Every structure is written in C-alpha cells, then in structure tokens.
Amino acid sequence: MYQATLFTAPPDRPCRFDDLHRIELSDGAWLEVARGWLPGADDVFDVLVREVPWRAERRRMFDRVVDVPRLACTYGAGEPLPHPGLVEARDALGDHYRDVLGEPFVTAGCCYYRDGRDSVAWHGDRIGRGRHRDTLVAIVSLGAPRHLALRPRRGGRSRRVELGHGDLLVMGGSCQRTWDHAVPKAAAAGPRLSVQFRPAGVF
C-alpha cells in the first residue's frame with residue numbers, strides 16, 4: 001500500500017501555478033512541471049483506488065491479444081468525476097491555460113499502476129486532433145514516484161521526469177506529435193495513479 005506523506009498541499013489550498021517549471025524540448029514541444037500541486041492528494045488517491053470502476057484492457061500485439069499491464073477508466077465530457085478535487089484541478093487548469101489551449105479540458109483518463117510491473121509503452125496522444133495540431137495534455141500523478149520517459153520521434157536525446165505524489169506535468173506545443181512518452185517498468189515501486197486531463201477530440 002502507498003504511505004501518505006506530510007509534504008502534500010493541504011486540502012483547503014487552491015490549485016496554484018506560481019511554482020511551474022518549464023522544460024523546453026525540440027520541435028516546438030515543451031513540458032511544465034509543478035511539484036506537490038494537487039491539494040488534498042492523499043484523500044484523492046484513497047478515493048480513486050476504492051471507487052473508480054477500474055478495468056483491465058486488452059490489445060492486439062502482432063498475432064495475439066495481450067493484457068495491458070495497468071488498469072484504466074475514462075471519464076468522458078460531462079461525466080461526473082470521482083472526487084471534487086479533480087473537478088477543481090480540471091477547472092483550474094482550464095482557466096490557467098485558456099489563452100494557450102483556447103478551449104477547456106473535458107475528459108479525464110485515469111490509470112492505475114498497481115506496482116512496478118505495471119507500465120505503459122511508448123506512445124503519443126495522436127489518435128485525434130493531436131495528430132495534426134498542437135494541444136495540451138495535463139497529468140496529475142498520485143501515489144508512489146514513477147518516471148515518465150520521453151524521446152523525440154526523429155531521434156535525439158531522451159528525457160526522464162520523475163513524478164511524485166500530487167505532482168502536475170503538462171505536455172504542450174507539438175509534444176504529442178513530435179515526441180513519444182512511456183512509463184517504464186520499475187524494479188520496486190508502490191501503487192501509483194495517473195489522471196490525464198484532455199480537451200475534446202484528443203486521445
């Protein structure tokens with residue numbers, strides 16, 4: 001089980017953006033990171049583990065169908081989110097990035113990495129509009145620390161960003177088109193949740 005920490009933002013503190021750190025990538029892609037960003041992260045983590053209707057996904061790989069090594073649940077546009085802290089986070093992100101994105105965040109994809117054996121392979125959110133247009137994907141990480149790995153699609157230097165409990169990471173610019181990202185397996189890791197906020201038509 002994940003052990004709560006004393007270093008998360010208190011539940012009554014609003015979501016703030018004064019500690020954002022920008023990381024410039026190549027080809028017009030960028031990241032922004034804020035540590036301990038989500039207020040009341042301990043309670044959000046506990047509620048999501050218990051109450052989200054987690055499901056195992058399967059995908060075709062070559063000539064067979066295999067289990068995806070994580071659990072998932074997606075909340076579509078207009079669906080109620082499982083914790084008010086996520087509503088506050090989504091709305092705060094929409095307000096802060098309104099001039100960049102030009103539209104609100106409307107979906108929330110939740111992933112549950114039960115231990116270090118769970119992972120997600122290299123990919124970009126290019127099924128929808130992210131294939132052709134700059135967009136934003138905002139990720140809130142909860143629980144045990146895990147690395148988000150990033151690599152440019154045209155080749156070049158890869159990056160790794162460790163995401164801890166309550167941290168925020170925003171992928172912006174051309175990031176979904178020109179870079180891939182993954183959560184590698186870890187030799188020893190506790191449970192971790194990821195909540196990805198996206199605008200309409202980005203998958």
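This report walks through one strand and a handful of salt bridges in a predicted model.

**Strand β12 and its neighbours**

Let's start with β12, which spans residues 192–198. How many of its residues are buried? The count is 7 of 7, so the strand is mostly covered, with buried meaning under 20% relative accessible area. Flip the strand over and you get the same story on each side. R192, S194, Q196 and R198 sit on one face and are all buried. L193, V195 and F197 make up the other face, and they are buried too.

Two strands are worth looking at next to β12. One of them is β5 (residues 107–113), which runs antiparallel to β12 and is joined to it by 7 bridges. If you want a landmark for that pairing, find T107, which stands opposite R198 in β12. Then there is β7 (residues 137–143), also antiparallel to β12, with 6 bridges between the two strands. Here a handy landmark is L142, whose bridge partner in β12 is L193.

**Salt bridges**

On to the charged side chains. Side chains of opposite charge can pair when their charged atoms come close. In this model the count of salt bridges is 13. The table below picks out a few of them, including the N to O distances.

| Acid | Base | N to O distance |
|---|---|---|
| D27 | R154 | 2.4 Å |
| D118 | R114 | 2.8 Å |
| D134 | R177 | 2.6 Å |

Take D27 and R154, which meet in a salt bridge. The two are 127 residues apart, so to speak of "distant parts of the chain" is fair: D27 is in the loop between β1 (21–24) and β2 (29–34), and R154 is in the loop between β8 (146–152) and β9 (159–163). D27 counts as partly exposed because its relative accessibility is 34%. R154, at 70% relative accessibility, counts as exposed.

What about R114 and D118, whose side chains also meet in a salt bridge? R114 is partly exposed, with a relative accessible area of 38%. D118, on the other hand, is buried, with a relative accessible area of 5%.

Now for D134 and R177, another salt-bridged pair. D134 lies in the loop between β6 (120–123) and β7, while R177 belongs to helix α4 (residues 175–178), so this pair ties together parts that are 43 residues apart in sequence. Both residues are partly exposed: D134 has a relative accessible area of 47%, and R177 has one of 24%.

Finally, have a look at R22, E24 and E32, which are linked in a network of salt bridges.

Technical notes. Residues are numbered from 1 along each chain as its sequence is written. This is a predicted model: local features need pLDDT of at least 70, side-chain atom pairs count only at pLDDT 80 or more; totals for chains, interfaces and linings use all residues. Side-chain values use heavy atoms; hydrogens and water are left out. Buried means under 20% relative accessible area, exposed over 50%, partly exposed in between (1.4 Å probe, protein chains only). Helices (H or I, at least four residues) and strands (E, at least two) are DSSP runs, numbered from the N terminus. Two strands pair if DSSP finds at least two bridges between them. A salt bridge is a side-chain nitrogen of Lys or Arg within 4 Å of a carboxyl oxygen of Asp or Glu.
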